[in-house]
Amino acid sequence: MIDFAPLPRLETERLVLRGWQESDIAPYVAMNADPEVMRFFETPLSRADTEKALTWYQSGIRTTGFGRHAVELKATGEFIGMTGLIAVDFECDFTGAVEAGWRIARPHWRQGYAKEAAAEVVRWGLEDKGLDAIIAFASTHNRPSIGVMQSIGMVRDENGDFVHPAIPADHALQPMEAWWIRR
Ligand SMILES: CC(C)(COP(=O)(O)OP(=O)(O)OC[C@H]1O[C@@H](n2cnc3c(N)ncnc32)[C@H](O)[C@@H]1OP(=O)(O)O)[C@@H](O)C(=O)NCCC(=O)NCCS
């Protein structure tokens, strides 16, 4: 059983960004097991991996008041993915910075949903939560994710490419690009 933490409900034109609930687990497990969705990660996630990630999201929400939101389509109530903020907990030049991330289920790609959701969580973080800056990072090969960063006005740190310490240094996903947005 996952003990879900409350998270403010945010709304955009087409989306609701909200705290997690039991009914999100099955579609989130399915999307994280999709090799195409996870092609810029080391491997797709098992059910246990996804449940572990969800538990980790909840503990971050309880500690910081922000975290990964579940993303729902307003029109149908369907769960389509996640976006949100998390404190960087690995050893790097920006440990402790707040990171924005996103993942959308494949049938919903290229409809502007990631951009719409990410723009709202970043706005919320900077304006409502008073954060000074938010980082996003992705494998330099992950052009869809870097497209999201660009589309919401993030700026690449041209000197900020880094080797993710949780991934082997010689892995094809390396290096990561670091993009920032400031208040
Ligand atoms: C990255 C991801 C969330 C994008 O979701 P999406 O809803 O399809 O993205 P959007 O439709 O909102 O597009 C946002 C921007 O990125 C660009 N983009 C999206 N997919 C792209 C692709 N395959 N190739 C190039 N650019 C792309 C769009 O052109 C758009 O820019 P624009 O508004 O200037 O035209 C989705 O591809 C995904 O879930 N990928 C797998 C998970 C992942 O890699 N997450 C990030 C880990 S760091």
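This report covers one helix pair and two backbone features in a predicted model.

## Packing of α1 and α2

Two packed helices are described by the angle between their axes and the distance between the axes. Here, helix α1 spans residues 25-32 and helix α2 spans residues 47-64. Their axes come within 9 Å and cross at roughly 120°. That angle makes α1 oblique to α2, because the roughly perpendicular class runs from 65 to 115 degrees and the roughly antiparallel class begins over 145. The crossing of the two helices is right-handed.

On the α1 side, the contact involves I25, Y28, V29 and N32. These residues meet R47, T50, E51, L54 and Y57 of α2. Sorted by class, the contact between the helices comprises 5 nonpolar, 2 polar and 2 charged residues.

## Backbone exceptions

Most residues other than glycine have a negative phi, and most peptide bonds are trans. Two sites in the model depart from these patterns, one in phi and one in omega.

R110 is not a glycine, yet has a positive phi of about 60°. This arginine sits in the loop that links β5 (98-104) to α3 (113-128). R110 has a relative accessible area of 86% and is therefore exposed, the cut-off being over 50%.

The other site is the peptide bond from Q174 to P175, which is cis with omega near -5°. P175 lies in the loop between β7 (155-156) and β8 (176-182).

Methods: Residues numbered from 1 in each chain as written. Predicted model: local features only at pLDDT ≥ 70, side-chain atom pairs only at ≥ 80, totals over all residues. Heavy atoms only, no water. Axes fitted to C-alpha atoms, helices over the stretch in contact; angles between N-to-C directions. Helix = DSSP H or I, 4+ residues; strand = E, 2+ residues; numbered from the N terminus. Parallel < 35°, antiparallel > 145°, perpendicular 65-115°, else oblique. Left-handed = near helix turned anticlockwise from the far one by under 90°. Contact = heavy atoms within 4.5 Å. Nonpolar A, V, L, I, M, F, W, Y, C, P; charged D, E, K, R; others polar. Buried < 20%, exposed > 50% of the residue type's maximum accessible area, 1.4 Å probe, protein only.
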